[in-house]
Amino acid sequence: MNPLITIAVPSFNQGRFLNDALDSIFSQKIPVEVFVLDGGSSDNSLDVIRKWESRICRWRSCSDKGQSAAINEGIAMGSAPYVCWLNADDRFSENGLKRLLNGLESAKSSPAAYGWCWTIDSSGRKMIPYVTLPFSAWLLANYCFIAQPATLIRRKAWEKAGGIDEALDMAMDYDLWWRLYKQSGKFTYIREFVAQTRLHSETKTTTRREDHYSESMRTVLRHYGRIPFKWYLARPFMVDLRSFLNKMKREK
C-alpha cells in the first residue's frame, strides 16, 4: 500500500526518547514513510534507529545544518500526499494521525489540520493540555495555539510555502503556520487529542526561552504587520512559564 503520510524525524542526542517517538509512529494504523535525520548523536540514538531500521525508509547520522534543514531534507525524501514532522522527544497519540488525516480529507480547501495535544514530562506522564483554539488570524497573532506535533499538512501546500524557513531556529513552526494560512487559507481544527509534546530540561524552548520569545515576536511582526500589546504585557510570564512547569514536574 502506498504511504499516505511522509514523516520526518529530526534528532540529536535524544536517544532516551527516540524509541518512544518511533513506536508511536509505527503504532498508527495508516501507511507512512519515515525518514530519520540524526545530527551525529553520541548517545544511544543509533542503537534505537537500528532497532527500527527495517521500517524506516531512510536514515542518516552526521553533522547537519540544524533542525529546520533536517526537517526539509526528510520531507523532500518522501512522496506521500500529506506530510509532518515529529521531533524525537514528542509522540503521537493512539490513532492521532488517523484523526488528523480524516479531518483534512474532509476539508479539501484546508492546507493543514491540527488537534489537541497533551504536555507530558520526561517520563511520559500527562501534565496539562496545550492550549489549543479554533483557527483565527487574530488569535494566531496573539498566541501560537497550534501545537506542532499535533499537525498534518498537505504536501502541495507545504511545497507551495517552500517548507520551513531554515534561517529560523526557534519559531520555524509558527512562521510556517502563518505562511500556509496566508497562501492557502485556514487550518482545520480537530477537537480530539492527537499528539503529546514533551517538556524536559534539554528542549530549546526550555534552555533558550528568551530567544524563542524574541523570534516569535519577529515572526508576528513579519506576517501580521505589528506586534500586539499582549506580547509585551505577557512576556515575563511566558518566558518563565516553562520554568514553572519544570518546577511543577519536579515536585510531583
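This is a short walk through a predicted model of one protein chain, from its overall make-up to its strands, cores and aromatic rings.

Okay, so let's begin with the overall picture. The protein chain has 252 residues, and 55% of them count as buried. On the secondary structure side, we have 10 helices and nine strands. And if you take contacts between residues at least 6 apart in sequence, 75% of those join residues at least 24 apart.

Let me start at the N-terminal end, with β1. That's residues 5–11, and seven of the seven are buried, so the strand is largely enclosed by the rest of the structure. If you look along β1, Ile5, Ile7, Val9 and Ser11 point one way, while Thr6, Ala8 and Pro10 point the other way. That's the general pattern: in a regular strand the side chains alternate between the two faces of the sheet. Here the residues on both sides are buried.

Who are the partners of β1? One is β2, running parallel to β1 and joined to it by seven bridges. In that pairing, Ile7 sits opposite Val34. The other is β4, also parallel, with four bridges to β1. There, Thr6 has Val83 as its bridge partner. And the connection from β1 to β2 goes through helix α1, residues 15–26, giving a right-handed β-α-β unit.

Let's pause on the loop between α1 and β2, where you'll find Lys29. Is Lys29 buried or exposed? It counts as exposed, because its relative accessibility is 57%. Setting aside residues up to four places away in sequence, Lys29 touches Glu94 and Asn95. Also, the C-alpha atoms of Lys29 and Lys98 are 7.3 Å apart, although these two residues are 69 apart in sequence.

Now for the opposite case, Ala113, which is in strand β6. Its relative accessibility is 0%, so Ala113 counts as buried. Beyond its sequence neighbours within four places, Ala113 is in contact with Leu100, Leu104, Ala150, Thr151, Leu152, Thr188 and Ile190. Going by C-alpha atoms, Ala113 and Arg154 are 8.9 Å apart in space and 41 residues apart in sequence.

While we're on β6, have a look at its hairpin with β7. The two strands pair in the antiparallel sense over three bridges, with Trp118 opposite Pro129. There are five residues between the strands, and Gly124 in this hairpin takes a positive phi near 95°.

Right, on to the cores. In soluble globular proteins, nonpolar side chains tend to be buried together. In this model, the largest nonpolar core has 35 residues, and the members touching the most other members are Trp158, Tyr174, Leu176 and Trp177. Several elements give two or more residues to this core, including β2, α3, β4, β6 and α9. Which element gives the largest share? That's α7, with six residues. Apart from this core there is another one, of 32 residues, with Ile25, Val34, Ala150 and Leu152 among them.

To zoom in on one core member: leaving out neighbours within four places in sequence, Leu176 is in contact with Trp85, Ile153, Trp158, Ala161, Gly163 and Ile164. And a word on α3, since it came up: that helix is mostly covered, with eight of its 11 residues buried. Those buried residues include Gln67, Ser68 and Asn72 as well as Ala69, Ala70 and Ile71.

Last topic, the aromatics. Searching the whole structure turns up 17 aromatic pairs. One of them is Tyr130 with Tyr143, which is stacked, at 6.3 Å centre to centre with 25° between the planes. These two sit in separate loops, 13 residues apart: Tyr130 between β7 and α5, Tyr143 between α5 and β8. Tyr130 counts as partly exposed because its relative accessibility is 24%, and Tyr143 is partly exposed too, at 23%.

Then there's a cluster linked by ring pairs: Trp85, Tyr114, Phe135, Phe145, Trp158, Trp177, Trp178, Tyr181, Phe187, Tyr189 and Tyr224. You'll recognise Trp158 and Trp177 from the largest core. And one final ring to point out, Trp231: the charged end of Lys230 sits over it, 3.7 Å from the ring centre.

That's my tour, thanks.

Notes. Residues numbered from 1 in each chain as written. Predicted model: local features only at pLDDT ≥ 70, side-chain atom pairs only at ≥ 80, totals over all residues. Heavy atoms only, no water. Phe/Tyr/Trp six-rings, centres within 6.5 Å; stacked < 30°, edge-to-face > 60°. Buried < 20%, exposed > 50% of the residue type's maximum accessible area, 1.4 Å probe, protein only. Lys NZ or Arg CZ within 6 Å of the ring centre and 35° of its normal. Core = buried A, V, L, I, M, F, W, Y, C linked by side-chain atoms within 4.5 Å. Contact = heavy atoms within 4.5 Å. Pairing = 2+ DSSP bridges. Right-handed = clockwise from strand over helix to strand, strands pointing away.
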